[in-house]
Amino acid sequence: MKKIFKKSILLAFALIISQVAISYADNDDSSQRVIRISGRDRYDTAIKIDRDCFWNEESKSQIAVISNGNDFKESLYGSHLASSIGAHYYPTVKGYISKAILKEIKSNDIKAVLIMGTYKQLSKSVDNTLISHGIKVERIFDGKYMYGIKRPLDDLVSAYIHMTVAEDIPYGDINSCIIINENKYPDVVAAVPFASRLSHKGLHLYSTRYFENIGYNDNGLVRGAHFIIGGFNSVPRKYTTYGDSEIGLNYTNTNGDSNRVWNYSGRLAGRDRYETAVKIAEAYSKVLGINSKIAIIVNGEGYADALSSSLEAVINSSPILLTEKNNLNRYTRDYLINNDIEYVLIIGGENSVSKNTENQIREIISRNWNNDVENDI
């Protein structure tokens, strides 16, 4: 399995590392500055996103990650795993693998599939179907033993990611952790592409549950995390970052490290899920050195269509922002305006992000674009 990982990563990340993807910014047609990717349901939407991400034959991966699309925790960890290692990602139904997904797997010449969850979460018939087509399968689930240790799901996923894309970097301790409450799906949705990029630098996503289970504390505190995602109602105050900071990014480079990832630490949090997503987006510039003119917008009230959005965000070097269904959220609106965003990709149909919200986005993007044109004259 690891050999397949290595071979596939060389191909898949030729696209991501060079940041060559579908370039919405190359299209001057105003109708193409706001694009919607949607399908009949979350599963069809995921297939369309996957095709969008792997449109280039040279970028296609030989690995896929599959999860139960009705289990948000396994699915979001699966999305994080896929977007970190450059794999295809397909949520499916519990009882079987659909003909549509199987067709995608075969047409993409996928050699190995990582299945998220136990047989209770995804039927063994999924394994049997894939094996019958000559595809290798491996299960990743909460409590699986790895190297003789029973590991929680977040730890397993981090280990798989590290051995695939960051094995030359020493596996760190809490100083290399991005801590999140895995039960707060809006925070996870927005954090996954940010964390997926940081995973290449040896930073990994861990839940508060992990630290509660291992009893890691310093006089009742869990101290020294690199980043914390979410406010104190999501991740309690006893979890702290470098310098026991409260909220916001802090410059923490005390040893002259030239790698900007290690220059900053802090708790990225807002007054609600929407502002928290914006705070994560604002960190892209300082932490990752990315000043994107593209934003991905998903429904912040449900996770269904957002499941597959992470790889799209990684490939396009863009953050994920959240909105209410029927009205563009004010924090998201202000981010689009203040950061002069010129292209938006909406994930999901009008039951997720309404036409009214889309029109509000179009109005802002058109105004941003026209302002830039005027400034160039």
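Two strands pair if DSSP finds at least two bridges between them. Helices (H or I, at least four residues) and strands (E, at least two) are themselves DSSP runs, numbered from the N terminus. Before you start, note that this is a predicted model: local features need pLDDT of at least 70, side-chain atom pairs count only at pLDDT 80 or more, and totals for chains, interfaces and linings use all residues. Residues are numbered from 1 along each chain as its sequence is written, and side-chain values use heavy atoms, with hydrogens and water left out.

**Stop 1: a strand pair**

Select residues 63-68, which form strand 2. Add residues 88-92, which form strand 3. The two strands run parallel, joined by 5 bridges. Pick out Ala64: its bridge partner in strand 3 is His88. Now follow the chain between the strands. From strand 2 it passes through helix 3 (residues 72-85) and on to strand 3, a right-handed β-α-β crossover. To check the hand, point the strands away from you: right-handed means that the path from the first strand over the helix to the second runs clockwise.

Stay on strand 3 and show its side chains. Which residues point which way? His88, Tyr90 and Thr92 point one way, while Tyr89 and Pro91 point the other. In a regular strand the side chains alternate between the two faces of the sheet. Is strand 3 mostly covered or uncovered? It is mostly covered, with 5 of its 5 residues buried. Buried means under 20% relative accessible area, exposed over 50%, and partly exposed in between (1.4 Å probe, protein chains only).

**Stop 2: the nonpolar cores**

A nonpolar core is a set of buried Ala, Val, Leu, Ile, Met, Phe, Trp, Tyr and Cys residues joined through side-chain atoms within 4.5 Å. The largest one here has 83 residues. Select Leu81, Ile140, Phe194, Leu198, Leu336, Val344 and Ile361, the members that touch the most others. Zoom in on Leu81. Leaving aside neighbours within four places in sequence, Leu81 is in contact (heavy atoms within 4.5 Å) with Val65, Leu114, Met116, Ile140, Val157, Tyr160 and Ile161. Another core, of 15 residues, lies apart from the largest; Leu102, Ile105, Ile115 and Leu122 are among its members.

**Stop 3: Ile315**

Jump to Ile315, in helix 10 (residues 309-315). Ile315 counts as buried because its relative accessibility is 4%. Now add Arg197. The two residues are 118 residues apart along the chain, and their C-alpha atoms are separated by 10.0 Å.

**Stop 4: salt bridges**

Side chains of opposite charge can pair when their charged atoms come close. A salt bridge is a side-chain nitrogen of Lys or Arg within 4 Å of a carboxyl oxygen of Asp or Glu. The whole structure has 19 of them.

- Select Asp44 and Lys48: the closest N and O atoms are 4.0 Å apart. Both residues lie in helix 2 (residues 42-53), about one turn apart. Asp44 is buried at 10%, whereas Lys48 is partly exposed at 35%.
- Select Asp109 and Lys111: their closest N and O atoms are 3.0 Å apart. Asp109 is partly exposed at 42%, and Lys111 is partly exposed at 35%.
- Select Glu358 and Arg362: their salt bridge is 3.0 Å, N to O. They are separated by about one helical turn because they sit 4 residues apart in helix 12 (residues 355-376). Glu358 is buried at 4%; Arg362 is partly exposed at 26%. Add Arg36 and Lys355, and you have one network: salt bridges that share partners join these two with Glu358 and Arg362.
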